[in-house]
Amino acid sequence: MRFDSKSTPALVVAGLLTATLIGLSGCGSEADSSAEPESTPAATVDVVEQGFDSLDELSDYVAQSFDGVEVRLESETNPDFNEETEPERLHVEFASDENAAKDKEATAIIVQAASDAAFDYDILMVTGVVSAGEWSYLYDRSTVEDLSAEGQIVVADIWDSAVQSFDTIHR
C-alpha cells in the first residue's frame, strides 16, 4: 500500500511556520514596550559663530538652554585667588537631571560656547549640580579650541576629552 499526497510539503511548511511564530512570540515583553526610551545625545554640536565679550553674554547664551546656570571666573569670586600662581578658571554650573546623555550634550554646548569667549581663561570647568552632589569636567583652553576647531563638537567624546574629571554620578 502506497500513500501519495500532494499536500505533504505544504503541511511541513505550515508546521515550520507555526513553530517559528510560536517561538518568536515570547521575544517581546510588555515591560519593554512601556519603558520610556533612553535619551540619546545629538551626534554633534555646531560651534556658535558669535563672540562672547563678557561673562554676562556667555551666561545669557547658556541660560537659554539650561536651568540654574551660573557662570563665573575664579578670580572674581575667590578672595584667595592668586593670579600669579593659579590658572584662571571659567566655571559654568547648571542644574543637571543626572541623565548622562543630556549631560554630555550640555557639556558639549557649554564647551562650544566657551570656545568663542573673548575674555581670558585658562581652564573651563563644567559642573552639573544634582540632588546627590555634583559632577565636573575640566578642559584647558587649548583642548576647548581643539574640540571646536572643526566647527562641530562630537558629543559622545566630550567627557573623554576632558583633562580632568570628578564624576561619581554618571560612572
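Select alanine 156 to begin: this residue is partly exposed, with a relative accessible area of 46%. The model in the viewer is predicted. Alanine 156 sits in the loop between strand E6 (152-154) and strand E7 (164-166).

Next, add glutamate 105 to the selection. Its C-alpha lies 8.2 Å from that of alanine 156, although 51 residues separate the two in sequence.

Now select residues 100-114, which form helix H5. This helix has 15 residues and spans 21 Å from its first C-alpha to its last, close to the 21 Å expected at 1.5 Å a residue. At the start of H5, show the side chain of asparagine 99: one of its oxygens comes within 3.0 Å of the backbone nitrogen of alanine 101.

Is H5 mostly covered or mostly open? H5 is mostly covered, with 11 of its 15 residues buried. Among them are Ala101, Asp103, Ile109, Ile110 and Val111.

From the helix, move to the largest nonpolar core, which has 37 residues. Leu90, Tyr121, Leu124 and Tyr139 touch the most other members. At least two residues of this core come from each of helix H3 (55-63), strand E2 (70-73), strand E3 (89-95), H5, strand E4 (123-130), strand E5 (133-140) and helix H6 (141-148). H5 gives the largest share, seven residues. In soluble globular proteins, nonpolar side chains tend to be buried together.

Finish at tyrosine 121. Leaving aside residues up to four places away in sequence, tyrosine 121 touches Leu73, Glu88, Leu90, Ala114, Ser115, Arg141 and Val144.

Terms used. Residues numbered from 1 in each chain as written. Predicted model: local features only at pLDDT ≥ 70, side-chain atom pairs only at ≥ 80, totals over all residues. Heavy atoms only, no water. Helix = DSSP H or I, 4+ residues; strand = E, 2+ residues; numbered from the N terminus. Buried < 20%, exposed > 50% of the residue type's maximum accessible area, 1.4 Å probe, protein only. Expected span 1.5 Å × (residues − 1). Polar contact = N/O pair within 3.5 Å; in protein donor to acceptor, adjacent residues only side chain to side chain. Core = buried A, V, L, I, M, F, W, Y, C linked by side-chain atoms within 4.5 Å. Contact = heavy atoms within 4.5 Å.
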